Amino acid sequence: MSQLTRRQAVGAVTGAAAAVALTGVATAWADSAPAKGKHEGAAPGGRGKDESFDEVFQGRRIQGEPMGGAGGHAFGHGEHRAHRGHGDVYRVLIDGRELQVMRHGKSGWSSAINHYERFATPLDAARTAVTSLKGASVVPFDPNV
Amino acid sequence: MTVRKNQANLTSAEKKAFVDAVLEVKRIGVYDEFVAAHRLRFALDMNTGVYVGHFGPSFLPWHRKFLIDFENELQNVDPSVSIPYWDWTFDNTVAASVWAPDLLGGTGRPLDDQVMDGPFAYSAGKWPINIQVDSRPFLARNLAYRVPTLPTRAEVDAALAMPTYDSAPFRDGSAGFRSTLEGSAGYMSMHNRVHTWVWGQMESSVSPNDPVFWLHHAFVDKLWADWHALHPTSAEYLPAGGTVDVIDLNETMPPWTNTTPQSMLDHTLFYTYA
């Protein structure tokens, strides 16, 4: 694999800023848990995409909270500014382990586990990831591995 | 010259040579570099706002180069080997030969989606999943679980009939051949739908963990070649220049330092399709 090694890929991407931004996001997500219980008991399905959630789904605890953009308030790291042009940054945990989710413009959300689908909300992405895992744990993204 | 063949037409000896080369590239640690590179590219595509490997026009040339690099690694092991392609419009059931034990093995068991037969089954001892998005160390599939059917020939033909390669804003859902073939113009369609149909690692950002990734993308790549043959007067790639956050025709595609879409347009410099 002459050219396509991971470290070169990190450095070559779109300037070092992109790699730094990605590392910053991963670090920010690892540093703090989302506020707990803010919306417990809320009915599923009707939430806006910028709302937090915290529920047990098929025996797994799933939590989500916006980190930046218009709805952001709880984290204050400022890393969301690295996400140029795509707006929402959202943090999802499954049993306390971070599942990377991403917004694709108007077409919806996806996650590292269900990468080729689009979901209306991060909650939908989290629930589908639970069904995909069949009991396995999330392995959080580490840009250095 | 390398000739890529339909997997359905491979001889037993050709299947064995391909499988053995893939297993050797895995054994020496190089295979997982490709998995990690794909995961990183996907994360950057998703998070930096610059679409290189996915969701933009360079989806096709980026994967063409990615497959060429992988094929070169296979040929370092066995110069006779090439990447077969899987025509999922025709070999579109779980009974297709691509899923037989002498090629890729079949679907996973219900308990945990673990693939239990073929050379890539965990129990065979040669295919640990090291670059992960979840803790399962084994290859997982659940064929036809999430979506019951694969894209049809009619859908492929409709995409091939589009005379325009790609169009502004050159992203998810843009009109044209590229976005339609990638599947970003419709929910679980085309290239994306095939990933989802296979399930397991193929549905995730570490999809090259499943060797079917290469056979799938070889067919997607062949369709790009077919499209160009059908539209010889259409621009082979767009945009031609000056587009922010999009790889233009003569811009470099990271992580490579010397690869542009232009340099990938003529696949016959590298291989042909049989």
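These legends walk through a few views of a predicted model.

**View 1. Chain A as a whole, end to end.** Start by getting your bearings: chain A holds three helices and five strands. If you trace the chain from the N terminus, the elements come in the order α-α-β-β-β-β-β-α. Buried residues account for 49% of the 145 residues here.

**View 2. The surface and the contacts of chain A.** The accessible surface of chain A adds up to about 6200 Å², and carbon and sulfur atoms supply 52% of that. Now for who touches whom: take the contacts between residues at least 6 apart in sequence, and 55% of them link residues at least 24 apart.

**View 3. Helix 3 of chain A, up close.** This helix covers residues 122–133, which makes 12 residues. From first C-alpha to last it reaches 16 Å, close to the 16 Å expected at 1.5 Å a residue. Right after helix 3 ends, look for Lys134(A), which adopts a positive phi of about 50°.

**View 4. What helix 3 of chain A hides.** How many of the 12 residues in helix 3 are buried? The count is 10, so the helix is mostly covered. Among them are Pro122(A) and Leu123(A) at the start of the list, then Ala125(A), Ala126(A), Arg127(A) and Thr128(A). Ala129(A), Val130(A), Ser132(A) and Leu133(A) are buried as well.

**View 5. The strands that helix 3 packs against.** Which strands of chain A do the buried residues of helix 3 pack against? They meet strand 1 (53–57), strand 2 (60–66), strand 3 (90–94), strand 4 (97–104) and strand 5 (108–111).

Conventions
Residues numbered from 1 in each chain as written. Chains lettered and ligands numbered in written order. Predicted model: local features only at pLDDT ≥ 70, side-chain atom pairs only at ≥ 80, totals over all residues. Heavy atoms only, no water. Helix = DSSP H or I, 4+ residues; strand = E, 2+ residues; numbered from the N terminus. Expected span 1.5 Å × (residues − 1). Buried < 20%, exposed > 50% of the residue type's maximum accessible area, 1.4 Å probe, protein only. Contact = heavy atoms within 4.5 Å. Areas by Shrake-Rupley, 256 points an atom, 1.4 Å probe, with all protein chains shown as cover.
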